[in-house]
Amino acid sequence: MTPRPVLNRILLALTGLVLLGGGLLIMAAGFDLYRRHDLAPPAGWPLTTPDDILLSSADRARWSSQGWWWWPAVIATLALITLLALWWLLAQLRRRYPGAMPVGGTPPQEGVELRDRALSDAIATEARALPDVQQADVRITGRPAHPRTHITLTLTPQGTPDAVLNALCEGPLHAAHQSTGSPHMPTEAQLRVARHKPHRAQ
């Protein structure tokens, strides 16, 4: 499954390319760049001179003659695109990370809070120090009252998943639960094994 940040970047890049291409097309026609630089646009290329328009009278008449359903279909399509754009914008504004979490329970003790980034960095640092762990990446998502931990561990070729998971639960995760006062914070751990050369049997 494609992570949401990657999907957002892809959609933003595609939208930006479409808008950039349309803007350059309009600017090239508006400044009459084809004629000034003796450029020959492809056949059927729209907007090649400052006097060109997007829809000529013939095009408008042709589309209008399609029947009564044409304009309602256009309006419905534009409304659907607008609703999808608003839904996507609201989804981006919705916080997917807890931000500041209470320390030692709820409500926070004397207003002391712990940033999710600081907690994830602390868990990752302690996890990298565990035996047979080569790399550790930690993300904390969810709401402040219900945070979730996502851990990706890269093990050495000699590491065993059971031992590493037990050390992770008894060490970094136990310390994190005590810090936040959330003994039942859901945790998802993904284990990988570092690439290594195959050993030749003698």
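## A buried spot to start from

A residue counts as buried when its relative accessible area is under 20%. Thr-156 comes in at 18%, so it falls on the buried side of that cut-off. Keep in mind that what you're looking at is a predicted model.

Where does Thr-156 sit? You'll find Thr-156 in the loop that runs between S4 and H6. Leaving aside residues up to four places away in sequence, Thr-156 touches Asp-132, Val-133, Gln-134 and Val-193. One of those partners, Asp-132, turns up again further down.

## The overall layout

Stepping back, the protein has 202 residues, and 23% of them are buried. Its secondary structure comes to 6 helices and 5 strands. Walk along the sequence and you meet them in the pattern α-α-α-α-β-β-α-β-β-α-β.

About 15,000 Å² of the protein is exposed, with carbon and sulfur atoms supplying 63% of that area. As for contacts, take the ones between residues at least 6 apart in sequence: 48% of these join residues at least 24 apart.

## The sheet and its helices

Now for the strands. Three of them, in the order S3-S4-S5, make an open sheet with mixed pairing. S3 and strand S5 (187-193) are at the edges with a single partner strand each, so each has one side without a neighbour in the sheet. From one strand to the next, the twist averages 15 degrees.

How do S4 and S5 pair, parallel or antiparallel? Strand S4 (residues 146-155) runs parallel to S5, and the pairing covers 7 bridges. If you want a place to look, find His-150, which stands opposite Glu-188 in S5.

Two helices pack on this sheet. H5 touches S3 and S4, and its direction makes about 155 degrees with that of S3. Helix H6 (residues 161-180) touches S3, S4 and S5, and its direction makes about 145 degrees with that of S4.

## A nonpolar patch on the surface

Over on the surface there's a nonpolar patch, formed by Val-6, Ile-10, Leu-14, Leu-17, Leu-20, Leu-24, Met-27, Phe-31 and Leu-33. Together these residues have about 830 Å² of accessible area.

Which helix gives the most to the nonpolar patch? That's helix H1 (residues 4-30), with 7 residues. Leu-33, on the other hand, is found in helix H2. With a relative accessible area of 32%, Leu-33 is partly exposed, since that label covers values between 20% and 50%.

## Two aspartates with a positive phi

Most residues other than glycine have a negative phi. Here are a couple that go the other way. Asp-38 has a phi near 55 degrees, a positive value even though the residue isn't a glycine. Its place is the loop between helix H2 (33-36) and helix H3 (57-64). Is Asp-38 buried or exposed? Its relative accessibility is 70%, so Asp-38 counts as exposed.

The other case is Asp-132, one of the residues that Thr-156 touches. Asp-132 isn't a glycine either, yet its phi is positive, at about 65 degrees. The loop that holds Asp-132 lies between helix H5 (116-128) and strand S3 (133-143). Its relative accessible area is 32%, so Asp-132 counts as partly exposed.

Technical notes. Residues are numbered from 1 along each chain as its sequence is written. This is a predicted model: local features need pLDDT of at least 70, side-chain atom pairs count only at pLDDT 80 or more; totals for chains, interfaces and linings use all residues. Side-chain values use heavy atoms; hydrogens and water are left out. Helices (H or I, at least four residues) and strands (E, at least two) are DSSP runs, numbered from the N terminus. Buried means under 20% relative accessible area, exposed over 50%, partly exposed in between (1.4 Å probe, protein chains only). Patches are made of residues with over 30% relative accessible area and no salt bridge: like charges are joined within 9 Å, nonpolar side chains (Val, Leu, Ile, Met, Phe, Trp, Tyr) within 5 Å. Accessible areas come from the Shrake-Rupley method with a 1.4 Å probe; for residues, only the protein chains shown count as cover. A salt bridge is a side-chain nitrogen of Lys or Arg within 4 Å of a carboxyl oxygen of Asp or Glu. Two strands pair if DSSP finds at least two bridges between them. Axes are lines fitted to C-alpha atoms, for helices over the stretch in contact, and angles run from 0 to 180 degrees between N-to-C directions. Contact means heavy atoms within 4.5 Å.
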